[in-house]
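Biologist: Could you pick one part of this model and take me through it slowly, then follow what goes on around it? I work at the bench, so please explain your terms as you go.

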Amino acid sequence: MAVEQPTRTAVTQSGDQTRIHNIGYRTYDGPRLGRSYATRSLYSQSLRGAYGLGRSVKSKVLPMLLFVVMCVPAAIMVAVAVATKANDLPVDYTRYAIVMQAVISLYVASQAPQSVSRDLRFKTVPLYFSRPIETADYVRAKFAALASALFLLTAAPLLVLYVGALLAKLDFADQTKGFAQGLVSVALLSLLFAGLGLVIASVTPRRGFGIAAVIAVLTISYGAVSTLQAIADAQSINGGGSADAIAWIGLFSPITLIDGVQSAFLGANSAFPGGVGPSNGEGVAYVLVTLGLIAASYGLLMRRYRKVGL
């Protein structure tokens with residue numbers, strides 16, 4: 001039979017009861033890699049996250065699907081060029097990103113909020129800044145990661161076109177020149193779209209709002225500019241306006257900015273009404289506005305995260 005034991009009452013002794021307990025913590029004696037390593041790690045993690053690598057299967061579906069959608073038309077064009085023994089590709093290298101702008105905009109809208117909105121929503125930004133990493137390191141890593149992801153998205157189909165053109169035995173010099181021009185164009189596009197996407201996404205911690213805002217800015221601006229250009233072109237044909245207005249209107253949309261730069265300086269055919277892009281003088285304005293938007297995006301991100309990190 002169990003015998004009830006008397007309850008033991010803790011006895012409080014007078015005086016200082018401070019005790020030091022050794023619970024097994026040990027100091028870290030290994031190398032401390034510092035800011036550069038932390039920045040590279042953040043860049044690598046953000047770039048992988050832009051394609052869902054290291055995340056759930058659900059997170060991989062959309063970016064990988066958009067990557068395939070970007071490359072499939074290029075593969076079809078190559079197959080057609082080889083089968084018909086064409087003398088040139090159906091679409092110029094500099095023209096491909098303009099044609100596929102809807103896919104690029106959707107990718108930016110989906111991945112820019114994923115890159116920054118979650119950090120804002122879960123308030124992890126101050127944790128980054130509690131380590132050796134600083135505000136400029138965080139912004140540079142995020143900016144470079146999304147720009148790199150966009151460059152992969154836009155350059156991959158150009159590579160498919162280039163390899164296919166060489167397999168079709170098209171002129172090596174012409175194809176190499178066009179491929180190089182296309183890479184310059186998509187590199188500039190990647191920087192511009194990454195900066196704009198991150199600035200818009202960093203305004204709200206809610207990913208859904210960020211996606212809607214990025215889509216609205218990229219698509220509505222292009223639709224409005226294209227409509228105004230078409231009206232200006234119609235008026236110039238009827239003698240009621242100047243064709244020069246078409247080029248200046250193109251300054252107000254990201255995709256028409258890239259179109260204007262490459263048609264002015266990279267020998268590309270313009271998508272503007274009438275197929276006439278800006279002149280070299282007007283093209284200088286396009287370059288300045290494009291570079292100014294990239295620099296302004298970086299500056300706004302720096303200002304935003306200085307406040308968040310406080």
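Modeller: Let's start with a term I'll lean on a lot: with a 1.4 Å probe and protein chains only, a residue is buried under 20% relative accessible area, exposed over 50%, and partly exposed in between. The model is predicted, so local features need pLDDT of at least 70 and side-chain atom pairs count only at pLDDT 80 or more, while totals for chains, interfaces and linings use all residues. Residues are numbered from 1 along each chain as its sequence is written, and side-chain values use heavy atoms, leaving out hydrogens and water.

The part I'd pick is helix α4, residues 101-121. Helices here are DSSP runs (H or I, at least four residues), numbered from the N terminus, with strands (E) needing at least two. How far apart are the end C-alpha atoms of α4? They are 29 Å apart, which agrees with the 30 Å that its 21 residues should span at 1.5 Å a residue; the expected span is 1.5 Å times one less than the number of residues. There is a bend in α4, though, of about 35° at Q114, where a bend is the angle between axes fitted to the seven residues ending at a residue and the seven starting there. Most of α4 is covered, with 17 of its 21 residues buried. After α4 comes K123, with a positive phi near 55°.

Now for the space beside this helix. On a 1 Å grid over the protein atoms alone, a cavity is a set of points where a 1.4 Å probe fits but cannot get out, while a pocket is an open set with protein on both sides within 12 Å along at least five of seven lines; lining residues have an atom within 4 Å of a point. Points are joined across faces, edges and corners, and the volume is the space filled by probe spheres set on them. By this rule, there is one cavity of 30 Å³ or more. The largest cavity holds about 40 Å³, and its lining is made up of S46, A50, Q111, Q114, S115, A145 and L146. So Q114, the site of the bend in α4, also turns up in this lining. With three residues, α4 gives the most to the lining, and α4 and α6 each supply at least two. By class, the lining has three nonpolar, four polar and no charged residues; Ala, Val, Leu, Ile, Met, Phe, Trp, Tyr, Cys and Pro count as nonpolar, Asp, Glu, Lys and Arg as charged, and the others, Gly among them, as polar.

Next, the aromatic rings. Rings of Phe, Tyr and Trp (its six-membered ring) pair if their centres lie within 6.5 Å, and planes under 30 degrees apart are stacked, over 60 edge-to-face, and the rest tilted. The whole structure has seven such pairs. In one, the centres of the Y138 and Y305 rings are 4.9 Å apart with planes at 50°, so the pair is tilted. Y138 sits in α6 (residues 135-167) and Y305 in α11 (residues 280-308), so this pair ties together parts 167 residues apart in sequence. Both Y138 and Y305 are buried. Another pair is F143 with Y298, also tilted because the planes are at 55°, with centres 6.4 Å apart. F143 belongs to α6 and Y298 to α11, so this pair ties together parts 155 residues apart in sequence. F143 is buried, at 7% relative accessible area, whereas Y298 is partly exposed at 29%. Elsewhere, Y51, F67 and Y107 make up one aromatic cluster.

Finally, the open spaces. The largest pocket takes in about 290 Å³, and of its 18 lining residues D88, D92, Y93, D174 and G178 lie nearest the centre. Its largest share, five residues, comes from α7. The lining splits into six nonpolar, seven polar and five charged residues. The second largest pocket has about 250 Å³ of space, and α1 gives the largest share of its lining, five residues. This lining has nine nonpolar, two polar and two charged residues.
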